[in-house]
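Notebook open, model loaded. I want to look up a few strands, their neighbours and one loop residue.

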Amino acid sequence: MNTTSTATPYGTLPPASPVAARKPISLPRLNELRERGEKITMLTAYDATFAAVADAAGIECILVGDSLGMVCQGLPSTVGVSLETMRYHTESVARGVQRVQGTAWIIGDLPFGTYQESREQALRSATVLMQAGAHMVKLEGGGWTTETVRFLVERGIPVCAHLGLTPQTVHALGGYRVQGRGDSAAKLRQEALALQDAGAAMLVLEMVPAALSAELTQELSRCHTIGIGAGKGTAGQVLVMHDMLGINLGKNPKFVRNFMTGQSSVLDAMNAYVRAVKDGSFPDNALHAW
């Protein structure tokens with residue numbers, strides 16, 4: 001175990017921190033975490049400074065989410081985010097990660113309208129984000145996306161899928177509502193299995209019943225489930241950074257915890273988030289009883 005403290009521009013990592021000595025996160029290393037029953041931590045970040053703090057705190061995966069449209073640009077939804085905007089923020093995050101630890105796995109969101117037209121369009125869009133510094137791209141939806149995922153994976157691009165509440169299609173879903181209840185659970189399960197078979201290495205499950213998320217996590221042996229409002233039975237957790245710091249412009253969903261409470265710095269808050277995910281104290285399944 002490391003016995004010396006590690007200083008960063010954003011605070012000092014404690015001597016026992018595994019972050020100070022950790023190797024860069026990769027898909028094999030994420031597989032190792034899951035095999036030993038350790039939860040995966042993911043957090044959004046959109047600029048160099050916050051990305052560096054997240055990396056210093058030991059966040060395994062940083063998602064450059066199209067949620068930046070809402071929390072950074074003030075848009076009413078993620079639909080108006082452009083590929084150029086995602087490229088800019090992905091480059092910023094990648095530079096920030098390299099400033100401190102240089103270990104986090106960076107995932108870039110493919111924004112609305114940049115992968116729906118064809119598999120070739122998806123490849124061009126994914127190439128932009130990968131060249132900007134992403135290690136993986138994320139796209140939303142099941143069914144028609146399966147062959148797009150397969151097309152990208154066959155060309156060496158790791159893919160994170162996203163089922164349940166998919167913000168890019170929130171209007172078609174009738175608003176920000178829980179998905180996967182009742183008869184729709186079977187469809188969600190079928191789509192998840194198909195995405196795994198197509199090569200998706202991760203799957204974000206958003207606002208999905210906790211019981212269903214836990215079942216899918218057991219069934220998806222080759223695909224890491226990452227929950228947001230989906231209970232604690234997933235392989236990992238993700239939150240929008242502004243939500244977990246209590247600085248968003250709207251009302252937090254009930255499943256979000258303000259990790260700044262009782263902390264003296266953003267680094268401390270992110271450390272608290274990592275600890276809570278790892279020890280299972282976050283999330284609280286009682287708040288996910290959809």
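Which residues lie on one side of S7 and which on the other, and are they buried or exposed? I went through both faces: Val159, Ala161 and Leu163 sit on one side, Cys160, His162 and Gly164 on the other, and all are buried. Reminder to self: this is a predicted model. S7 covers residues 159-164, and I count it as mostly covered, with six of its six residues buried.

Next entry, the neighbours of S7. On one pairing I found strand S6, residues 136-138, which runs parallel to S7 over two bridges. I looked up the partner of valine 137 and got valine 159 in S7. To get from S6 to S7 the chain passes through helix H6, residues 145-154, and I noted this β-α-β crossover as right-handed.

Then I checked the pairing with S8. Strand S8, residues 202-206, is parallel to S7, and five bridges join the two. For a register point I took glycine 164, which stands opposite glutamate 206 in S8.

On to S8 itself. How many of its residues are buried? Five of its five are, so I put S8 down as mostly covered too. By face, I have Met202, Val204 and Glu206 on one side, with Leu203 and Leu205 on the other, and all of them are buried. That list includes Glu206, the residue I had just placed opposite glycine 164.

I followed the sheet pairing on to S9. Strand S9 spans residues 224-228 and is joined to S8 by five bridges, again in the parallel sense. Here my register point is leucine 205, which stands opposite glycine 227 in S9. Helix H9, residues 210-219, belongs with S8 and S9 in a β-α-β unit, and I logged that unit as right-handed.

Last entry, a loop residue. Where is threonine 78? I found threonine 78 in the loop between helix H3 (68-71) and helix H4 (83-99). Why does threonine 78 count as buried? Because its relative accessibility is 3%, and the cut-off for buried is under 20%. I also pulled the contacts of threonine 78, leaving out residues up to four places away in sequence: Asp66, Ser67, Met70, Pro167 and Gln168.

Methods: Residues are numbered from 1 along each chain as its sequence is written. This is a predicted model: local features need pLDDT of at least 70, side-chain atom pairs count only at pLDDT 80 or more; totals for chains, interfaces and linings use all residues. Side-chain values use heavy atoms; hydrogens and water are left out. Buried means under 20% relative accessible area, exposed over 50%, partly exposed in between (1.4 Å probe, protein chains only). Helices (H or I, at least four residues) and strands (E, at least two) are DSSP runs, numbered from the N terminus. Two strands pair if DSSP finds at least two bridges between them. A crossover is right-handed if, with the strands pointing away from the viewer, the path from the first strand over the helix to the second runs clockwise. Contact means heavy atoms within 4.5 Å.
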